[in-house]
Amino acid sequence: MGKLTREVVVEQALEIGDAEGLQAVTIRRLAQELGVTPMALYWHFKNKELLAIGMADHLVEGFVIEEDYASPWQDQLRELVSGLVRVLRRHPCAAEVLSEVDHMAVPSFLRVWDTSLGLAKHAGFSYEESCLISKYLLQGAIALAAGPMSHHRPGLSDQERADRLRLKRVTLQSLPPDVYPHIVEMAVPLAEGVSAELYDTFGVDLLVTGIESLSARRGEG
């Protein structure tokens with residue numbers, strides 16, 4: 001293999017995390033996969049916590065939306081959320097990685113966070129409200145990126161996943177319809193989910209439209 005760089009280590013860690021989950025990512029496992037000694041990896045990451053921060057930073061790296069006061073804040077906010085979902089969608093383990101780290105220790109995530117705060121402030125919200133908006137939006141984007149992957153459990157075959165979905169659908173359809181009429185009626189999409197495209201576009205729309213509506217209501221008052 002070529003030179004052992006932080007990028008090489010992080011990309012291998014993400015590959016393992018995508019296939020088997022974050023718990024499978026260890027310094028020993030990485031060293032084995034990369035054909036080096038654990039000591040060679042400690043030169044880049046002294047422990048798994050720092051490795052997770054490196055993984056998180058790599059996930060968001062390169063995704064930077066600078067505030068542009070010449071463009072409507074609504075468009076920028078929508079692009080920020082949808083773009084972040086798009087970037088995180090590349091790795092099934094992204095949400096798990098970001099849930100494990102302190103976001104303040106991840107420089108690339110801090111930049112996205114800062115931009116979301118600025119856009120909320122530009123929309124006319126108070127500092128406190130801007131903090132809440134950025135929190136809901138970024139957490140929402142992370143959750144959206146993980147959404148359609150909920151049926152993807154590392155280690156399961158396609159047949160096992162299909163069996164689990166079928167069992168879930170049958171279980172929902174077997175509920176008493178006089179008590180849970182809507183769950184029974186919508187058992188198929190509840191169990192099987194929707195396409196990733198619809199999941200993302202609808203989710204982003206739901207998040208951003210709520211903020212747009214709040215801002216518009218303030219303007220009318």
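The exercises below work through parts of a predicted model.

**Exercise 1.** Find the end-to-end span expected for helix α5 and compare it with the model.

Solution. Helix α5 covers residues 73–88, which is 16 residues. The expected span is 1.5 Å times one less than the number of residues. For α5 this gives 22 Å, and the end C-alpha atoms are 22 Å apart, so the two agree.

**Exercise 2.** Which residues of α5 are buried, and what does α5 give to the largest nonpolar core?

Solution. Start with burial: the buried residues of α5 include W73, L77, L80, L84 and L88, and also Q76 and S82. Next, take the largest nonpolar core, which has 55 residues; L30, L51, M55 and L88 touch the most other members. Among the elements that give two or more residues to this core are α1, α2, α4 and α12. The largest share, eight residues, comes from α5.

**Exercise 3.** Which residues does L51 touch, leaving out those up to four places away in sequence?

Solution. With that exclusion, the contacts of L51 are V9, A13, V25, I27, L30 and F45. L30 and L51 are both listed with the core members that touch the most others.

**Exercise 4.** Describe residues 26–45.

Solution. The UniProt record, an unreviewed entry, places a "DNA-binding region" here. In the model the span is 65% helix and 0% strand, and its end C-alpha atoms lie 11 Å apart.

**Exercise 5.** Is S130 buried or exposed?

Solution. S130 is found in helix α8, residues 127–146. Buried means under 20% relative accessible area. S130 has 3% relative accessibility, so S130 counts as buried. Beyond four places in sequence, S130 touches L117, A120, K121 and F125.

Definitions and conventions: Residues numbered from 1 in each chain as written. Predicted model: local features only at pLDDT ≥ 70, side-chain atom pairs only at ≥ 80, totals over all residues. Heavy atoms only, no water. UniProt positions renumbered as here; feature names shortened; annotations may be inferred. Helix = DSSP H or I, 4+ residues; strand = E, 2+ residues; numbered from the N terminus. Buried < 20%, exposed > 50% of the residue type's maximum accessible area, 1.4 Å probe, protein only. Contact = heavy atoms within 4.5 Å. Core = buried A, V, L, I, M, F, W, Y, C linked by side-chain atoms within 4.5 Å.
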